Amino acid sequence: MRTASRPVSRPVTRPLNRPTPLRRPTRTRVPGLDWVLVGAVVALLVVGTLLVWSATATREALVGDDSTAYLRRHLVNIALGVVLMVVAVATDQRWLRILAPLVYVVSIIGLVLVLIMGSTINGSRSWVQVGGMSVQPAEFAKLAVVIGMALIVAERTGGVWRRSIGGREVVAMLAVAGLPALLILAQPDLGTMLVLTATVLGVLAVAGAPRPWLAGLLGAGVLVSVGAVAAGLLKPYQVDRFLAFTNPDLDPRGAGYNVEQARIAIGNGGLTGQGLFNGSQTQSGFVPEQQTDFIFTVAGEELGLIGAGLVVALLCVVVWRALRISAGSDDAFGRVAAGGIACWFGFQAFQNVGMCLGIMPVTGVPLPFVSYGGSSLFAGMLAVGVLQSIHLRNGARGAA
């Protein structure tokens, strides 16, 4: 009799443990500078240096026997500006917030000193003599106002970005901008005042101010401007400049002279220009203040439409990168500050190029990173340093 055989238990076969494939180590994104912004600024500085040299080399009244006098001064200003930019880049954004009140107070002191002991040039008392250098505090006030307004937003929102702000924040931001604006009007420096007004409106828009506030402020600005003209608060030369803007042929040898000569110079350039150091209007000295306020006419005449268009394109790149840095920041201070700097650069460039083309009144504002002048260049390079500092913080947060 057979016994039932038990089923033979077979050992359970398990799949061999395959070694896990080696994964390539993910590279942590190291925060770095915005090199597109750096490249655009460097290109503008190089072009501006050549244009300043061309505009001053043959002006014996300015340089005497040394045709490179302005060139050397401009290179020194660029070197100092680079140092200021590096300092701003090395300063952490948190320290920028801490130092913002100090920067604001120093700018206010500078504007007050202008009214007390300032030098009057072209009808405007806007400069203070510091040693052998003329400093224009109003240029630094633009950056101080932007940073101050951004600090108000950051303090009110706890540093976290929100899409809108309330009326209290708007009033506080206007108070920050109001004192420098009054001191600049007292100089009077209408060009800087126009740029500052556009910058303040841009900062409020970036910060998310309610639309009724923006519309009301814009309307109030128009009414104040009309009232100032009607009340005779403007200087006669300032009124003449606005009249010359509406009709350059009204006084071609007086208030309309600058606009008329600027148009001729740009028109002479054609498509490719007459060549660097070969512009007939530039080398003959027909355009006043050509190394500062009317530097764009040198580009138009000697580099032509292509060269002048390149300058405008580079300025647009600077504004674009500032807006990108603003949009990439989830910190209230960084977003508002970068957006305000973009508005500042954008409107000032538009104002300068526009007055050279005759589509904006002559107000005497320099072209950012191109015109000769230490104060404007220093303030602009500091602003670029602030942009890079905000960008570095954004990059560090993304890499963490």
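**A walk through the predicted chain, from surface to core**

L99 is found in helix α4. The structure that holds this residue is a predicted model, and L99 is a convenient place to enter it. With a relative accessible area of 34%, L99 is partly exposed, because a residue counts as buried under 20% and as exposed over 50%, with partly exposed in between. L99 belongs to a nonpolar patch on the surface, which is formed together with W95, I98, L102, V103 and V106. The accessible area of these patch residues together is about 570 Å².

From this patch one can step back and look at the chain as a whole. The chain has 14 helices and 3 strands, and of its 400 residues, 46% are buried. The accessible surface comes to about 20,400 Å², and carbon and sulfur atoms account for 65% of that area. To learn how the chain folds back on itself, one can look at the contacts between residues with a separation of 6 or more: 74% of these join residues that are 24 or more positions apart.

Where do the nonpolar residues in the interior gather? The largest nonpolar core has 92 residues, and the members that touch the most other members are M149, I341, F345, L367 and F369. The largest share of this core, 13 residues, comes from helix α13, which covers residues 332-357. I341 shows what such packing looks like from the point of view of one residue: leaving aside residues up to four places away in sequence, I341 touches L143, V146, A383, V386 and L387.

F369, another of these core members, deserves a second look for its backbone. F369 is found in the loop between α13 and α14, the latter being residues 374-399, and at a relative accessible area of 5% this residue is buried. Its phi is near 70 degrees, a positive value in a residue other than glycine. Such a value catches the eye because most residues other than glycine have a negative phi. F277 also has a positive phi, again near 70 degrees, and this residue is found in the loop between α10 (257-269) and α11 (280-284). Is F277 buried or partly exposed? With a relative accessible area of 31%, F277 is partly exposed, whereas F369 is buried.

A positive phi also appears at G208, just after helix α7, where the angle is about 90 degrees. Helix α7 itself, residues 190-207, allows a simple check of geometry: at 1.5 Å a residue, its 18 residues should span 26 Å, and because its end C-alpha atoms are 25 Å apart, the expected span and the model agree. Many positions in α7 can be followed into the interior, and the buried residues there include L190, M193, V195, L196, V200, V203 and L204, as well as G191 and G202.

Charged side chains add another kind of link, and the count of salt bridges comes to 4. One of them joins E155 and R97, with 3.6 Å from N to O. E155 lies in helix α5 (residues 137-156) and R97 lies in helix α4 (residues 93-117), so this pair ties together parts that are 58 residues apart in sequence. E155 counts as exposed at 55% relative accessibility, while R97, at 21%, counts as partly exposed.

Another salt bridge joins E139 and K142, at 3.0 Å from N to O. These two residues are 3 residues apart in helix α5, which means that about one helical turn separates them. Both E139 and K142 are buried. In a further salt bridge, R72 pairs with D66, and the closest N and O atoms are 2.1 Å apart. R72 is partly exposed at 44% relative accessibility, and D66 is partly exposed with a relative accessible area of 27%.

The walk ends at a strand. Q129 has its place in strand β2, residues 124-130, and at 41% relative accessibility this residue counts as partly exposed. Which residues does Q129 touch, not counting those up to four places away in sequence? They are S119 and S134. Q129 and S119 are 10 residues apart along the chain, and their C-alpha atoms are separated by 7.4 Å.

How values were computed: Residues numbered from 1 in each chain as written. Predicted model: local features only at pLDDT ≥ 70, side-chain atom pairs only at ≥ 80, totals over all residues. Heavy atoms only, no water. Core = buried A, V, L, I, M, F, W, Y, C linked by side-chain atoms within 4.5 Å. Buried < 20%, exposed > 50% of the residue type's maximum accessible area, 1.4 Å probe, protein only. Helix = DSSP H or I, 4+ residues; strand = E, 2+ residues; numbered from the N terminus. Contact = heavy atoms within 4.5 Å. Patch = residues over 30% accessible without salt bridge, like charges linked within 9 Å, V, L, I, M, F, W, Y side chains within 5 Å. Areas by Shrake-Rupley, 256 points an atom, 1.4 Å probe, with all protein chains shown as cover. Expected span 1.5 Å × (residues − 1).
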